[in-house]
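This report goes through one protein model, with attention to its charged contacts, its nonpolar groupings and its cysteines. The sequence and the structure come next, and the discussion follows.

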Amino acid sequence: MLLNELLNAVEVIDAYLDSHRNPEFLEQPLANDWARITKVCEESGEVWKELSGLTGENYRKGICGTEEKLLGELADCVASAMCAIQHRTKDIGKTWAVVSAAFAKAMQRLNDAEAMDATP
């Protein structure tokens, strides 16, 4: 999927979720915000479950996860987070700016760390 296709998908998914939300949330926009944003937390719990299974963290279950499932759950976190950002912004340009800024911040931290490593 190319970037423009991904951003289009985020817009389409956000619009679909808005138009198919639980009727009880129609009069409660804050509840809808919580439902959309905490989906990221739900997905992160699934990441933990897959990592636990992959590493055999629970000795009773042993190794019962796969790298493929773990990566899939991590991707679900990314998708949920991007859709949550879009839910708040309703502007795909701003959504992409927020995501891009997070990566730029991470790159700046890396550059700062490398500069500190190079200082005698």
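Is Cys83 buried or exposed? The model is a predicted one, and in it Cys83 counts as buried, because its relative accessibility is 9% and the buried class covers values under 20%.

**Cysteines and the nonpolar core**

Cys83 belongs to the largest nonpolar core, which has six residues, the others being Leu7, Val10, Met82, Ile92 and Val99. This core draws at least two residues from each of H1, helix H4 (67–89) and helix H5 (92–118). When residues up to four places away in sequence are not counted, Cys83 touches Val10, Ile13, Asp14 and Arg36.

The structure holds zero disulfides. Cys77 is in no disulfide, and the nearest cysteine sulfur, which belongs to Cys41, is 9.0 Å away. Cys77 counts as buried, with 13% relative accessibility. Why is the sulfur of Cys83 not in a bond with the closest cysteine sulfur? The closest cysteine sulfur is that of Cys77, at 12 Å, which is too far for a bond, because a disulfide needs the two sulfur atoms within 2.5 Å.

**A network of charged residues**

Side chains of opposite charge can pair when their charged atoms come close. By the rule used here, the count comes to seven salt bridges. Asp14, Asp18, Arg36 and Lys90 are linked in a network of such bridges, and the table sets out pairs from this network with the distance between their closest N and O atoms.

| Basic residue | Acidic residue | Closest N and O atoms |
|---|---|---|
| Lys90 | Asp14 | 2.8 Å |
| Arg36 | Asp18 | 2.8 Å |
| Lys90 | Asp18 | 2.4 Å |

Lys90 forms a salt bridge with Asp18, at 2.4 Å between the closest N and O atoms; this pair links distant parts of the chain, with Lys90 in the loop between H4 and H5, Asp18 in helix H1, and their positions 72 residues apart. Lys90 also forms a salt bridge with Asp14, and that pair likewise links distant parts of the chain, Asp14 lying in helix H1 and the two residues being 76 residues apart. The Arg36 salt bridge with Asp18 joins helix H2 to helix H1 across 18 residues of sequence.

The members of the network vary in accessibility: Asp14 counts as buried at 3% relative accessibility, and Arg36 counts as buried at 11%, whereas Asp18 counts as partly exposed at 22% and Lys90 counts as partly exposed at 43%. Lys90 has a positive phi of about 55°, although it is not a glycine.

Arg36 has its place in helix H2 (residues 29–37). Leaving aside its neighbours within four places in sequence, Arg36 is in contact with Asp14, Leu17, Asp18, Cys83, Ala84 and His87. Arg36 and Gln86 are 50 residues apart in sequence, while their C-alpha atoms are 10 Å apart in space.

**Other features**

On the surface, Ile13, Tyr16 and Leu17 make a nonpolar patch of about 280 Å², and Tyr16 lies in helix H1 (residues 3–19). Ser52 lies in helix H3 (residues 39–55) and counts as buried at 10% relative accessibility. Not counting residues up to four places away in sequence, Ser52 touches Glu57 and Asn58.

Conventions. Residues are numbered from 1 along each chain as its sequence is written. This is a predicted model: local features need pLDDT of at least 70, side-chain atom pairs count only at pLDDT 80 or more; totals for chains, interfaces and linings use all residues. Side-chain values use heavy atoms; hydrogens and water are left out. Patches are made of residues with over 30% relative accessible area and no salt bridge: like charges are joined within 9 Å, nonpolar side chains (Val, Leu, Ile, Met, Phe, Trp, Tyr) within 5 Å. Accessible areas come from the Shrake-Rupley method with a 1.4 Å probe; for residues, only the protein chains shown count as cover. A salt bridge is a side-chain nitrogen of Lys or Arg within 4 Å of a carboxyl oxygen of Asp or Glu. Helices (H or I, at least four residues) and strands (E, at least two) are DSSP runs, numbered from the N terminus. Buried means under 20% relative accessible area, exposed over 50%, partly exposed in between (1.4 Å probe, protein chains only). A nonpolar core is a set of buried Ala, Val, Leu, Ile, Met, Phe, Trp, Tyr and Cys residues joined through side-chain atoms within 4.5 Å. Contact means heavy atoms within 4.5 Å.
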